[in-house]
Amino acid sequence: MTDLQERPAGVLGSRLLRREDPALLTGEAKYTNDLNVPGALHLAMVRSPYAHARITSVDLSAALAVPGVVAAYSGADLAGLWAGPMPCAWPVTEDMKNPPHYPVATGTACYVGDGVACVLATSATAARDAAELVDVQYEPMEAVVDLEDALSDRVVIHTDLGTNKSYQWDLKIEGEPGQVDAAFAAAAYTVKERYVQQRLIPVAMEPRAVCAVPQPFGGDMTLYSATQVPHILKVMTALTLGIPEHQMRVVAPSVGGGFGSKLNVYAEELLCVALARKHGAPVRWNETRSENHLATIQGRGQIQHIELAADADGKLTAVRVRLLADMGAYLQLVTPGIPLLGAFLYAGVYDLPLAYDFSCTSVFTTLTPTDAYRGAGRPEATYAIERAMDALADTMGIDPMELRRRNFIRKEQFPYTAMTGLVYDSGDHDAAATKAAELADYDGVRARQAAQNVPGAKKVIGIGQASYFEMCGLAPSRVLASLNYSAGGWEAATVRVLPTNKIQVVTGTAPHGQGHETAWSMIVAEKMGVAPEDVDVLHSDTAIAPLGLDTYGSRSLPVGGVAIAMACDKVIDKAKKIAAHQLEADEADLEFAGGTFSVKGTPDRALPLAAIAFEAFTAHNLPDGMEPNLEAHTTYDPPNFSWPFGTHICTVEVDTETGQVDVLQYVAVDDCGVQVNPLIVEGQVHGGVIQGLAQALFEEAVYDDDGNLKSGTLAEYLVPAASDVPSLTLGHTVTPSPTNQLGVKGIGEAGTIGAAPAVINAVVDALSHLGVRDMPMPASPQNVWAAINAATQGASK
Amino acid sequence: MKIRVTVNGTVHDSDVEPRTLLVHYIREVVGLTGTNVGCDTSSCGACSVHVNGEAVKSCTMLAVQADGCEITTIEGLAQGGEMHPMQKAFMENHGLQCGYCTPGMVMAATSLLKENPSPTEEEVRIGLEGNLCRCTGYHNIVKSVLACAAGD
């Protein structure tokens, strides 16, 4: 299991610089928008300015008169192009309500940004100019922006459904009937908290971009898209447009970040393909940033009610959760499943008896659809349990670190079967917390705090912690089946040794900043005993890598990387047979190390892989019946999720007069099992932490009562700049996963999961002496000032 | 309108619409796509280039305003097949992930060091506040710039 980890000074585990970088650093890399496609028509969208409105007429005549305009369409004009509505791949319950959703709306526009018409022109500027001249008449209706209001069905958005409720999904686990209620009745301490997960805009720095290139006479179609999921997109495009799947090819060129927002099948992708077929010409579309804020999915959007019951020592005895989740106006690809990815994690990293009661109700609103955003359900769950643990510690009057230590699943309990039935592979929460506390000087900060946070102090300090599990490595296909997900969770890999001993790896993962080319070459180098630079990694083109399930949910290494290692094993097995044949030795007597097969005990009887590769190619002297060439394919369906974990500790200083929060120190101790490349691991943690910290302190998609997005550009939506955020202090522990041969777990979302609760716990901790018990996100100066004011005025009454 | 612009040492005589932004001129007329567009409010800095040696967000200028100017884009930074020290520093310190903000970030960072060859960490952070990155959390970008300044 851990042979690779224990091997000294190998490629694996080294800080190898990324091979992706020179092209990206010199401007040589091509993103979708950079592709030079002669003769392409440009698509521009006309979007609803109303959150909820009946479309009474669409007049295209002025748009059609603009020089360069080739065509313009209303939703009704395009109705014949779709074989089906836009896909939702996760019908979480049998009775889930899913309104038909088409790339261009016909009768009703259901959010600001909903497409209501489109224009095709020979230049992007002509298309945009003309789109502004499309005259759409609307009959505005009431917007639904509040989740509790949506649930009341005061205004029903999709009238055919008769309700705004999409689904209710329950998970109640009790050792004996009534155990949850009994635990709450018998509890020495209980807390009951309500938290709001504000909507977030993912803001991958590259806006979406699409270019569909048809072969009008052959019937083939190539779709270039800034997507995380070329394979899923290929299947879904074929199904939605009625294109034979083998004629559909999807390519994701360089992709400028995703964070879940490019894990989707979007209207503009389908439109470009449909219109490219219709017009027999390439059709391309480049999203503007303002469109991105309106028409690319948003993240989070939940109201969370969490209750904890604990005994006199603070040991948890039951957890009850009620979620209200915002689907937005329609269900996008995996919208309904996102809150449920957190369903198993509301007990956090704690040893809970069989007393867990979770229910999620999801509602439609007249807002941009929600879907996966970095962490997808797991940051929300971790936030709720980690904030509630602090509330419980406050109620009990003990240190929150101490309360966590009393409840951690202990190292010796792993592999640990959780009350949900999921098996946590390995972990040592106490070690991670101890290391984080040392790095953060936890006791020292507590001492400073006691001296500084005195009545009347202008600047006060607080320290906050979050300990987390990240359920990742999505996912065992049978588990996905039990959750009604429409696809599997496997990943595919091909390893091919070329005649000159250079190696090609074909992977189904689709990187967009994660450095898979570098990391996968390291895995192969380690396994095959070659230099990483002799390994080429091919990906993100369904004609080259036809099988794959793409990149999201921290799955690429624990599923895709492991698949590559397994394919290497198959190649080595075949090579060993050739070596045995050539060396006239028994296979069992051969060992493989450093790229060479040798007879045990007789090291001079040896054959390097290079020689075997050439033999396999010439096929002049292979064992009888053996096929030529050295190549193997693996499809790996993981037996379990992987469970990275860790503890983050944030120290803040809060100005009680202005509400300004300054992060003094941020410590992240993460355990993602064996690290293939620590340089890349650290980068993932840095970025994730700042995204989580941004949710805690800066970001919110703000809507007014009429459903207008008030943070519709980067001038209003506060993506932090370098000057807004601190340097980070990282530590790690290494607890290999026992479920895969590399011992790896994944690291893409850990930072985002740990950061928001750690930061808010710190802010609340800084203000607790003033009576502040909670803090809405983002903890902007205004929100912090208001919370202080409310608490201190309440105290003076 | 007719303009003459020198881009990475090559003179370009072009006829452009008055409303054409410099960034679109660079990408679509000159054909250099290394300069990226990340927003429409001059907030993100992905399109930063050097105009007469100073970092400018090329979406804040019209192409006609660049008439007679010397422009350097990310494609013009490497010399003789060798990456610029700032590009090397970004690579060595993992100062990039998806790479989309990177050309603008590198152009802004080189301009920053020209004005202030030995900045503190805080000066680097403030100096780059016009350039957004969503992947790195800035930690390794700041480290890259400081390393480049130190000649590491």
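How far apart do the C-alpha centres of domain 2 of chain A and domain 3 of chain A lie? They sit 36 Å apart. Before going on, keep in mind that this is a predicted model, where local features need pLDDT of at least 70, side-chain atom pairs count only at pLDDT 80 or more, and totals for chains, interfaces and linings use all residues. Residues are numbered from 1 along each chain as its sequence is written, while chains are lettered from A and ligands numbered from 1 in the order in which they are written.

Let's start with chain A. It is divided into domain 1 (3-28 + 490-636), domain 2 (32-141 + 201-295) and domain 3 (302-474 + 640-796), with bounds that come from an automatic or database domain assignment. Domain 2 of chain A puts 30 residues in contact with 29 residues of domain 3 of chain A; contact here means C-beta atoms, placed from the backbone, within 7 Å. On the domain 2 side you'll find 19 nonpolar, nine polar and two charged residues. In this scheme Ala, Val, Leu, Ile, Met, Phe, Trp, Tyr, Cys and Pro are nonpolar, Asp, Glu, Lys and Arg are charged, and the others, Gly among them, are polar.

Now pick out helix α12 (residues 378-396) of chain A; helices are DSSP runs (H or I, at least four residues) and strands likewise (E, at least two), numbered from the N terminus. Of the 19 residues in α12(A), 16 are buried, meaning that 20 or more other C-beta atoms, placed from the backbone, lie within 10 Å of a residue's own. Right after α12(A) comes G397(A), with a positive phi near 75 degrees.

Chain B has its own split, into domain 1 (2-76) and domain 2 (85-150). Their centres, taken over C-alpha atoms, are separated by 21 Å. Here 15 residues of domain 1 of chain B are in contact with eleven residues of domain 2 of chain B. On the domain 1 side, β3 (48-51) and β4 (54-57) of chain B are the elements giving two or more residues, and β3(B) has the largest share, three residues. By class, that side divides into six nonpolar, eight polar and one charged.

Finally, look at where the chains meet. Chain B brings 45 residues to the contact and chain A brings 41 residues. On the chain B side, α2 (85-92), α3 (102-115), α4 (121-127) and α5 (139-150) each supply at least two residues. The residues on that side divide into 23 nonpolar, 15 polar and seven charged.

Terms used. Two residues are in contact if their C-beta atoms, placed from the backbone, lie within 7 Å. A residue is buried if 20 or more other C-beta atoms lie within 10 Å of its own, exposed if 12 or fewer, and partly exposed in between; C-beta atoms are placed from the backbone.
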